[in-house]
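Subject: Structure for you to look at

Hello,

Here is the structure I promised to pass on. Please open it first, then read my notes beside it.

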Amino acid sequence: MTRSAPVGVTPQHLVSSFRKHIGVAPVRYLWQVRASRGHFLLLQTGLPISDIAYQCGYKNPFHFSRPISDQFGMSPRQVRENKGYRMANDVAEGAGDTAYRMALPDTTVLQPETSPTTTVEIRPAQRLPDNAREPTANLPDSNARS
């Protein structure tokens with residue numbers, strides 16, 4: 001008796017339906033869930049990589065390393081060292097043109113035009129005596145007609 005028999009479908013139909021609704025086969029989905037859990041544990045705990053591998057259902061750390069590298073582009077050690085972030089290729093390779101392996105031509109960096117600046121002196125606020133009123137500006141009355 002197969003695991004799909006209790007629901008009245010063939011194993012092939014079950015896999016096909018799973019793939020249709022989830023987007024991947026059940027086994028691949030399980031691998032992704034295990035790798036995601038391993039990635040989380042690498043970032044959030046100080047457990048040894050081998051312990052994380054066993055907790056995520058891998059037989060050994062080597063079997064754990066491959067799906068982590070495939071899914072996240074880094075080894076488990078690199079994930080932990082880089083806090084899950086991968087350095088951009090252009091930074092890692094010295095900003096060269098990665099498509100053609102050529103150095104980029106020197107370019108002049110344009111600076112914004114400088115405009116004359118006005119210097120404003122900022123003084124600390126002074127506390128007025130309690131009986132003093134703040135000065136008001138002598139502005140023309142907006143209701144008055146000229």
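Contact here means that heavy atoms lie within 4.5 Å. Keep that in mind for the residue lists below. Keep in mind too that this is a predicted model.

**The whole chain**

The protein chain has 6 helices and 0 strands. Along the sequence, its pattern reads α-α-α-α-α-α. The chain counts 146 residues, and 12% of them are buried. About 13,200 Å² of the chain is exposed. Carbon and sulfur atoms supply 53% of that area. Now take the contacts in the chain with a separation of 6 or more: residues 24 or more positions apart account for 34% of these.

**Helix 2 and helix 4**

Two packed helices are described by the angle between their axes and the distance between the axes. How do the axes of helix 2 and helix 4 cross? They cross at roughly 90° and come within 9 Å. Helix 2 is therefore roughly perpendicular to helix 4. To find them, look at residues 26–44 for helix 2 and residues 61–72 for helix 4.

Which residues make the contact? Helix 2 brings W31, Q32, A35, S36, G38, H39 and L42. Helix 4 brings F64, P67, I68, Q71 and F72. Sorted by class, this contact has 7 nonpolar and 5 polar residues. It has no charged residues.

**Two residues of helix 2**

Start with S36, which sits in helix 2. Setting aside neighbours within four places in sequence, S36 is in contact with Q71 and F72. Both Q71 and F72 are among the helix 4 residues of the contact described above. Is S36 buried or exposed? Neither: its relative accessibility is 34%, so S36 counts as partly exposed. You can also compare S36 with C56, which is 20 residues away along the chain. Their C-alpha atoms are separated by 9.3 Å.

Next comes H39, also found in helix 2. H39 has a relative accessible area of 14%. The cut-off for buried is under 20%, so H39 is buried. Leave out its neighbours within four places in sequence, and H39 is in contact with I68, F72, V79 and G84.

**R66 in helix 4**

R66 has its place in helix 4. At 60% relative accessibility, R66 counts as exposed. Which distance separates the C-alpha atoms of R66 and A35? The value is 9.4 Å, with their positions 31 residues apart along the chain. A35 belongs to the helix 2 side of the contact with helix 4.

**Aromatic pairs**

How many aromatic pairs does the structure hold? There are 2. One joins F18 and Y29, with ring centres 5.6 Å apart. The ring planes stand at 70°, so this pair is edge-to-face. F18 is in helix 1, residues 11–22, and Y29 is in helix 2. The two are 11 residues apart, and the pair links distant parts of the chain. F18 has 25% relative accessibility, so F18 counts as partly exposed. Y29 has 38%, so Y29 counts as partly exposed too.

**Where to start**

Go first to the crossing of helix 2 and helix 4. Find H39 there, on the helix 2 side. Then turn to the rings of F18 and Y29.

Best wishes

Conventions: Residues numbered from 1 in each chain as written. Predicted model: local features only at pLDDT ≥ 70, side-chain atom pairs only at ≥ 80, totals over all residues. Heavy atoms only, no water. Axes fitted to C-alpha atoms, helices over the stretch in contact; angles between N-to-C directions. Parallel < 35°, antiparallel > 145°, perpendicular 65-115°, else oblique. Nonpolar A, V, L, I, M, F, W, Y, C, P; charged D, E, K, R; others polar. Phe/Tyr/Trp six-rings, centres within 6.5 Å; stacked < 30°, edge-to-face > 60°. Buried < 20%, exposed > 50% of the residue type's maximum accessible area, 1.4 Å probe, protein only. Areas by Shrake-Rupley, 256 points an atom, 1.4 Å probe, with all protein chains shown as cover.
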